[in-house]
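Me: I'd like to practise reading helix packing and burial from a model. Could you walk me through this one, feature by feature?

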Amino acid sequence: MYVVKSPLSDADLKTVSEALQGALVDLVDLSLVAKQVHWNVVGPRFRSVHLQLDEVVDTARQHSDTVAERASTLGVSPDGRAGTVAATSGIGAVSEGWVKDVDAVGTLVEALGAVITRMRERIEETGEADPVSQDIFIGITADLEKHHWMFQAENGG
Ligand SMILES: [Fe+2]
């Protein structure tokens, strides 16, 4: 069922909608992973890591809304259901239970790295098809890379 008419050709729309849907599930999963670790982190650096994780949650939630609404704008129904996120996210599963602060930071370095790699591929794929969506991916990547830097710095030195 088509409710909203897209300004893009069918071929371009396919490329862009796949990129937006992929970004949506990655960002929803990133917000869930960051909250899971936020609740379960233990260790001497608890407070700083706990607070830093909520900054990632804020970024991921905000940008998940942006990409979902960009899809709707183009006439494509976004799918942010739990089952879809679990089946298609690019982030590996996190283990259950308490997590040491150093491992919490490592989990975020890995998760952010996985999402950034896929987001940069979306930048490459969408430049021709829809520079407006590409611009959104570029902005998201800049924010994610800043978080990635800060978590790498947490475990550096
Ligand atoms: Fe909290």
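Me: Let's start at a helix end. Which residue just after helix 2 takes a positive phi?

Reply: Bear in mind that this is a predicted model. The residue to look at is Gly75, where phi is about 90 degrees.

Me: And helix 2 itself: what span should its 28 residues have?

Reply: The general idea is to allow 1.5 Å a residue and compare that with the end-to-end separation of the C-alpha atoms. Helix 2 covers residues 46–73, and the expected span is 40 Å. Its end C-alpha atoms lie 41 Å apart, so the two agree.

Me: What does that check give for helix 5?

Reply: Helix 5 takes in residues 131–154, 24 residues in total. From first C-alpha to last it reaches 35 Å, close to the expected 34 Å.

Me: On to pairs. At what angle do the axes of helix 2 and helix 4 cross?

Reply: Roughly 20 degrees, with the axes coming within 10 Å; helix 4 is residues 101–126. Angles under 35 degrees count as roughly parallel, which makes helix 2 roughly parallel to helix 4. The handedness of this crossing is left-handed. On the helix 2 side, the contact uses Phe46, Val49, Leu53 and Val56, and on the helix 4 side Asp101, Ala104, Val105 and Leu108.

Me: How do the residues of that contact divide by class?

Reply: Seven are nonpolar, none is polar and one is charged.

Me: Now helix 1 against helix 4: are they roughly parallel or antiparallel?

Reply: Read the angle again: over 145 degrees counts as roughly antiparallel. The axes of helix 1 (residues 10–40) and helix 4 cross at roughly 170 degrees and come within 10 Å, so the two helices are roughly antiparallel. The helix 1 side of the contact includes Ala19, Gly22, Asp26 and Leu30, while the helix 4 side includes Leu108, Ala111, Val115, Arg118 and Arg122. By class, that contact has 13 nonpolar, four polar and four charged residues.

Me: Asp26 is in that list. Is it buried or exposed?

Reply: The idea is to look at relative accessible area, where under 20% means buried. Asp26, in helix 1, is at 0% and therefore counts as buried. Leaving out residues up to four places away in sequence, Asp26 touches Thr88, Ser89, Gly90, Ile91, Val115, Arg118 and Arg122.

Me: What about Arg118: how does its accessibility class come out?

Reply: Arg118 belongs to helix 4 and has 27% relative accessibility, so it counts as partly exposed. With residues up to four places away set aside, Arg118 touches Gly22, Asp26, Thr88, Ser89 and Gly90. Along the chain, Arg118 is 21 residues from Gly97, and their C-alpha atoms are separated by 28 Å.

Me: Where can I find residues far apart in sequence with a shorter separation quoted?

Reply: Try Ala60 in helix 2. Ala60 and Leu32 are 28 residues apart in sequence, yet 9.1 Å apart C-alpha to C-alpha. At 0% relative accessibility, Ala60 counts as buried. Beyond its neighbours up to four places away, Ala60 touches Leu27, Leu30 and Ser31.

Another case is Leu13, found in helix 1. Leu13 and Val76 are 63 residues apart along the chain, with 8.5 Å between their C-alpha atoms. Leu13 has a relative accessible area of 12%, so it is buried. Outside its neighbours within four places in sequence, Leu13 is in contact with Ser6, Leu8, Leu74 and Val76.

Me: Back to packing. How do the axes of helix 1 and helix 5 cross?

Reply: They come within 11 Å and cross at roughly 25 degrees. That makes helix 1 roughly parallel to helix 5, and the crossing is left-handed. Helix 1 brings Val16, Ala19, Leu20, Ala23, Leu27 and Leu30 to meet Ser133, Phe137, Ile140 and Leu144 of helix 5. That contact has nine nonpolar residues, one polar and no charged ones.

Me: Last one: which residues are buried in helix 5, and what covers them?

Reply: The buried ones are Ser133, Gln134, Ile136, Phe137, Ile140, Thr141, Leu144, His147, His148 and Phe151. Their cover includes helix 1, helix 2 and helix 4.

Methods: Residues are numbered from 1 along each chain as its sequence is written. This is a predicted model: local features need pLDDT of at least 70, side-chain atom pairs count only at pLDDT 80 or more; totals for chains, interfaces and linings use all residues. Side-chain values use heavy atoms; hydrogens and water are left out. Helices (H or I, at least four residues) and strands (E, at least two) are DSSP runs, numbered from the N terminus. The expected span of a helix is 1.5 Å times one less than its number of residues. Axes are lines fitted to C-alpha atoms, for helices over the stretch in contact, and angles run from 0 to 180 degrees between N-to-C directions. Angles under 35 degrees count as roughly parallel, over 145 as roughly antiparallel, 65 to 115 as roughly perpendicular and the rest as oblique. A crossing is left-handed if the near helix is turned anticlockwise from the far one by less than a right angle, and right-handed if clockwise. Contact means heavy atoms within 4.5 Å. Ala, Val, Leu, Ile, Met, Phe, Trp, Tyr, Cys and Pro count as nonpolar, Asp, Glu, Lys and Arg as charged, and the others, Gly among them, as polar. Buried means under 20% relative accessible area, exposed over 50%, partly exposed in between (1.4 Å probe, protein chains only).
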